[in-house]
Amino acid sequence: METREMKRIAIVRFSAGALILGSLFCLSAGSIRYWQAWLYLTVTFIPMALFVRYLIHNDPELLERRLKMREQREKQSALQKVGLVIWISVFLIPGLDQRFGWSSVPYQLVLLSNVIVLVGYLLVIRVMRENSYASRIIEVQEGQTVIGTGPYSLVRHPMYLAVLIMFLFSPLALGSFWAVIPTLFMPVFLVFRILDEEEMLLKELPEYRTYTERTPHRLFPGIW
C-alpha cells in the first residue's frame with residue numbers, strides 16, 4: 001500500500017472512530033452534556049492520534065498491519081462478531097445509564113478509571129513498539145520472528161492484557177456501574193481468541209514452542 005493512501009485511510013478511520021463513538025455516547029445519553037464521555041474521548045483519542053502520526057512517519061509497515069480488519073481464520077471471524085457485540089454493549093450502556101440514572105459513579109472513581117484506561121493504552125503503545133508484527137488480525141507474516149523481550153517476557157499476549165485493562169475500566173470511566181457487566185465476558189472472549197491463535201503460532205512459527213516454555217503465562221502474570 002502506498003504511503004499516501006495508507007495515511008488517508010488511517011486518518012479517515014481515526015476520524016470515523018472518534019465520530020462514531022462520540023455519537024454513540026451522546027445519542028444514548030440523549031444529551032451532549034455528558035462530561036465523562038468527553039473526558040474519556042480526550043484520554044483515549046489524543047494519545048491515539050499522536051501514535052498514529054508516529055507510525056505514519058516511523059513505522060508505516062506496522063500501521064498497515066493495524067489497518068487490516070477482516071480475519072482470515074474461520075474461528076477468529078466468528079469471535080470477531082462476538083467481540084463486536086461486547087464492544088457495542090460496553091459503550092452503549094453508559095449513555096443509557098446517564099440518561100435514566102441507573103447508577104452513579106463518584107467522580108473520583110471516574111477520574112481514577114480514566115487514568116487506568118490511559119495506562120492501558122500506553123501499554124498498547126509499548127507492546128507495538130516492541131513488536132512491529134503486531135497485526136490487528138490473527139496471521140503469521142513473511143519473515144516474522146518470535147518476540148520475547150519487554151512485555152513479552154512477562155506474558156505471551158501483553159496486547160490482550162492491555163486491551164482488557166482498558167475495557168474493564170472503561171464503564172467506570174464513563175460513569176456507569178451497569179456497563180461493567182458486559183466487560184465480564186471479555187476475559188472469556190480473549191481466552192478463546194488466544195487458544196486459537198496459539199494453535200496457529202505453534203504450527204507456523206517453529207520457535208514459538210520454545211518461547212511458550214520460557215514464558216509460561218499467556219495473559220495474566222502468575223495465573224494463566
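A residue counts as buried here when its relative accessible area is under 20%. Asn114 has 4% relative accessibility, so this residue counts as buried. Keep that cut-off in mind as you explore this predicted model. The chain has nine helices and zero strands, and several of its buried residues make good starting points for a tour.

**The chain as a whole**

- Reading from the N terminus, you meet the elements in the order α-α-α-α-α-α-α-α-α.
- The radius of gyration is 18 Å, close to the 17 Å that the globule rule gives for 224 residues, so the chain is as compact as a globular protein of that length.
- Along the principal axes, the C-alpha atoms fill a box of roughly 55 × 45 × 30 Å.
- Of the 224 residues, 43% count as buried.
- Take the contacts between residues at least 6 apart in sequence: 81% of them join residues at least 24 apart.

**Surface and charge**

- About 12,300 Å² of the chain is exposed, and carbon and sulfur atoms supply 64% of that area.
- The chain carries 23 positive and 18 negative charges, and the mean positions of the two groups are 7 Å apart.

**Aromatic rings**

- A pair of aromatic rings is described by the distance of the centres and the angle of the planes.
- The whole structure holds ten aromatic pairs.
- One of them joins Phe91 and Phe167, with 5.9 Å from centre to centre and 65 degrees between the planes, an edge-to-face arrangement.
- Phe91 sits in helix H4 (residues 74-100) and Phe167 in helix H6 (residues 158-173), so this pair ties together parts that are 76 residues apart in sequence.
- Both partners are buried: Phe91 has a relative accessible area of 4%, and Phe167 has one of 12%.
- Phe91 and Phe167 also belong to one aromatic cluster, together with Phe25, Tyr34, Tyr40 and Trp87.

**Asn114, inside a helix**

- You can find Asn114 in helix H5.
- Not counting residues up to four places away in sequence, Asn114 touches Leu39, Tyr40, Val43 and Ala173.
- Tyr40 may look familiar, as this residue is also listed in the aromatic cluster.

**Two buried residues in one loop**

- Ile138 is found in the loop between H5 and H6.
- With 5% relative accessibility, Ile138 counts as buried.
- Ile138 and Gln72 are 66 residues apart along the chain, yet their C-alpha atoms are separated by 7.6 Å.
- Once neighbours within four places in sequence are left aside, the contacts of Ile138 are Glu71, Arg73, Gln76, Tyr160, Arg193, Glu197 and Met200.
- Arg156 also lies in the loop between helix H5 (107-130) and H6.
- A relative accessible area of 7% makes Arg156 buried too.
- For Arg156 and Ala173, the separation is 17 residues in sequence and 28 Å in space, C-alpha to C-alpha.
- Beyond its neighbours within four places in sequence, Arg156 is in contact with Glu198, Tyr208, Tyr211, Thr212, Thr215, Pro216, His217 and Arg218.

Notes:
Residues are numbered from 1 along each chain as its sequence is written. This is a predicted model: local features need pLDDT of at least 70, side-chain atom pairs count only at pLDDT 80 or more; totals for chains, interfaces and linings use all residues. Side-chain values use heavy atoms; hydrogens and water are left out. Helices (H or I, at least four residues) and strands (E, at least two) are DSSP runs, numbered from the N terminus. The radius of gyration is taken over C-alpha atoms; the globule rule is 2.2 Å times the number of residues to the power 0.38. Buried means under 20% relative accessible area, exposed over 50%, partly exposed in between (1.4 Å probe, protein chains only). Contact means heavy atoms within 4.5 Å. Accessible areas come from the Shrake-Rupley method with a 1.4 Å probe; for residues, only the protein chains shown count as cover. Lys and Arg count as positive and Asp and Glu as negative; His and the chain ends are not counted. The place of a charge is taken as NZ of Lys, CZ of Arg, CG of Asp or CD of Glu. Rings of Phe, Tyr and Trp (its six-membered ring) pair if their centres lie within 6.5 Å; planes under 30 degrees apart count as stacked, over 60 as edge-to-face and the rest as tilted.
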